[in-house]
Amino acid sequence: MTLTTDGAQPRPRTAPPHPKTAALTPLGLVTILLGAALPMIDFFIVNVALPDIEADLHAPAATLEMVVAGYAVAYAVLLVLGGRLGDSYGRRALFLWGAAAFGLTSLACGLAPTAWWLVAARAAQGAASAIMLPQVLATIHATTSGERRARAVSLYGSVGGVSMVLGQILGGVLVAADLAGTGWRMVFLVNVPVAALALLFAVRSVPDSRAERPARGDLAGTVLFAVSLTAFLLPLTEGRAAGWPLWSVLTLVAAPFLILAFAAVERRAEASGGSPLLPPSLLREPGVRRGLAVGLPVFIGFSGWMFVSAVTLQKGLEYGALKAGLTLVPMGAAQFAASLLAPRLVRRLGSRALTLCALVHGTGVAVLALTVLWAPWSALTPLALAPGLALCGFGQGIQLPLYFRILLSAVPAARAGAGSGLAATAQQSCLAVGVATLGSLFLAMESGVGMREAFATVLAVQLAGLLALAALSLRLPRELA
């Protein structure tokens, strides 16, 4: 097994497309990459719109967390299942169904009359994303080979990284534009014509493919994983705001036992020759565990930061949605530039590229924290925040491809599909946990010590995670497979 230069996914060295599968055209590639960008953009596009949602739907802060985390949980839980459905019933068909469902659920989000309607619609939107996204890489692998495959997967990695920051910038532009008086609703309604366009192009340009021997589904594992993750996240987001009622305490206590039950079901499924959602034998691989450890501070810190920064910029600094979104342009530009430099840095430094990017990112976090704590509140302009944001973006642009590369390099070629599913599921789970944990910490401290100190505290937690990441990277093999 070899890896792409950006480390996004493993690929066979010479495996051509299946002889019965048509080759992927340039228009087909653009179409499925559009399908890959939509879910990642939509995870973060809502952050800048949260204050407007709060005012319009009278949503408490904990419910706003659920608007973000509910999407991520549904997305994380169903990713592997979505990939297996594509293997069995055809990836083109699942891409079409996913794009259609994404457009319809986006419409439901944009028309939401209440906050909890929006939470439910966002969860459904996450499920639609989980149907659509796994088909993208699977289609690339099934319909391309050689250099065309390398370029396609490299584009996939770049699209995923840049979409994270682009979502928040685009959200600010759309909310500020207030097209036809839609306000925050346009961040969801804009997906409807885009999804329709993806559907139209996919029908004409995306070839069908499916696995010759698709893996069986893992219904019990999927349900238990969903229940476990919800039992952990729901009390963290809703329990604090409700004064920690008995249900929240009992649910949080039950979460570890549900996780143990999930682990037992997965072990039994693998021992009996089944296809567990998260194969325990993969988790026993030292390289896989190291890869997952790399992802924890990266994704938890990033999603928590994006949530609290959106609230701080708009509620604390009283930026408008457009100004708040455009404030992040230095981060997005630096992240894109770093993603282009990542292959060269990895060739030159090996795993020490992770050490470098963690320290650069940590420096950016420290600069932001000191700027927020020492500068007068009125002096915190986008220009004043730009140096710290640019350093953060540079570090993030290298961390994402390295996460996939380190984790998947330990996965045998025959289990590349399971390893890719594990990597994506862990990523999305950490994004949800980041919003629930760091978001809850921020909201709990804001009412006591103030927004400035709460924001700096979240940055301090993120900095601690990045320093731990730098230390962990020194224990990795210098040469990456």
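1. In this predicted model, three helices, α13 (286-316), α16 (352-374) and α17 (382-408), each supply at least two residues to the lining of the largest cavity. Of these contributors, α13 gives the most, with four residues. The space in this cavity is about 110 Å³. Its lining is made up of 13 residues, and those closest to the centre are Trp-305, Leu-313, Leu-368, Leu-385 and Phe-455. By class, ten of the lining residues are nonpolar and three are polar, with no charged residue.

2. The largest cavity is one of three cavities of 30 Å³ or more in the structure. The second largest holds about 70 Å³ of space. Its lining consists of Met-164, Val-298, Phe-299, Phe-302, Gln-335, Gln-396, Gln-399 and Leu-400. Here α13 and α17 are the elements that give two or more residues. Five residues of this lining are nonpolar and three are polar; none is charged. Both α13 and α17 also supply at least two residues each to the lining of the largest cavity.

3. Among the open sites, the second largest pocket has a volume of about 670 Å³. It is lined by 24 residues, with Phe-225, Ile-259, Phe-262, Leu-278 and Ser-429 closest to its centre. Two or more lining residues come from each of α10 (219-239), α11 (246-271), α12 (280-283), α13 and α18. The largest share, six residues, belongs to α18. The lining divides into 18 nonpolar, four polar and two charged residues.

4. Where does the second largest pocket lie with respect to domain 2 and domain 3? Domain 2 (216-278) and domain 3 (279-480) both contribute residues to the lining, so the pocket lies between them.

5. The largest nonpolar core has 136 residues, and the members that touch the most others are Ile-53, Leu-118, Trp-305 and Phe-442. Helix α18 (residues 416-449) gives the most to this core, with 13 residues. The same helix, α18, provides the largest share of the lining of the second largest pocket. Trp-305, named above for the core, is also among the residues closest to the centre of the largest cavity.

6. For Leu-118, the contacts can be listed. Leaving aside residues up to four places away in sequence, Leu-118 touches Ile-53, Leu-57, Val-67, Cys-109, Ala-112, Trp-184 and Phe-188. One of these partners, Ile-53, is itself among the core members that touch the most others.

Definitions and conventions. Residues are numbered from 1 along each chain as its sequence is written. This is a predicted model: local features need pLDDT of at least 70, side-chain atom pairs count only at pLDDT 80 or more; totals for chains, interfaces and linings use all residues. Side-chain values use heavy atoms; hydrogens and water are left out. A nonpolar core is a set of buried Ala, Val, Leu, Ile, Met, Phe, Trp, Tyr and Cys residues joined through side-chain atoms within 4.5 Å. Buried means under 20% relative accessible area, exposed over 50%, partly exposed in between (1.4 Å probe, protein chains only). Contact means heavy atoms within 4.5 Å. On a 1 Å grid over the protein atoms alone, a cavity is a set of points where a 1.4 Å probe fits but cannot get out, and a pocket is an open set with protein on both sides within 12 Å along at least five of seven lines; lining residues have an atom within 4 Å of a point. Grid points are joined across faces, edges and corners, and a volume is the space filled by probe spheres set on the points. Ala, Val, Leu, Ile, Met, Phe, Trp, Tyr, Cys and Pro count as nonpolar, Asp, Glu, Lys and Arg as charged, and the others, Gly among them, as polar. Domain bounds come from an automatic or database domain assignment.
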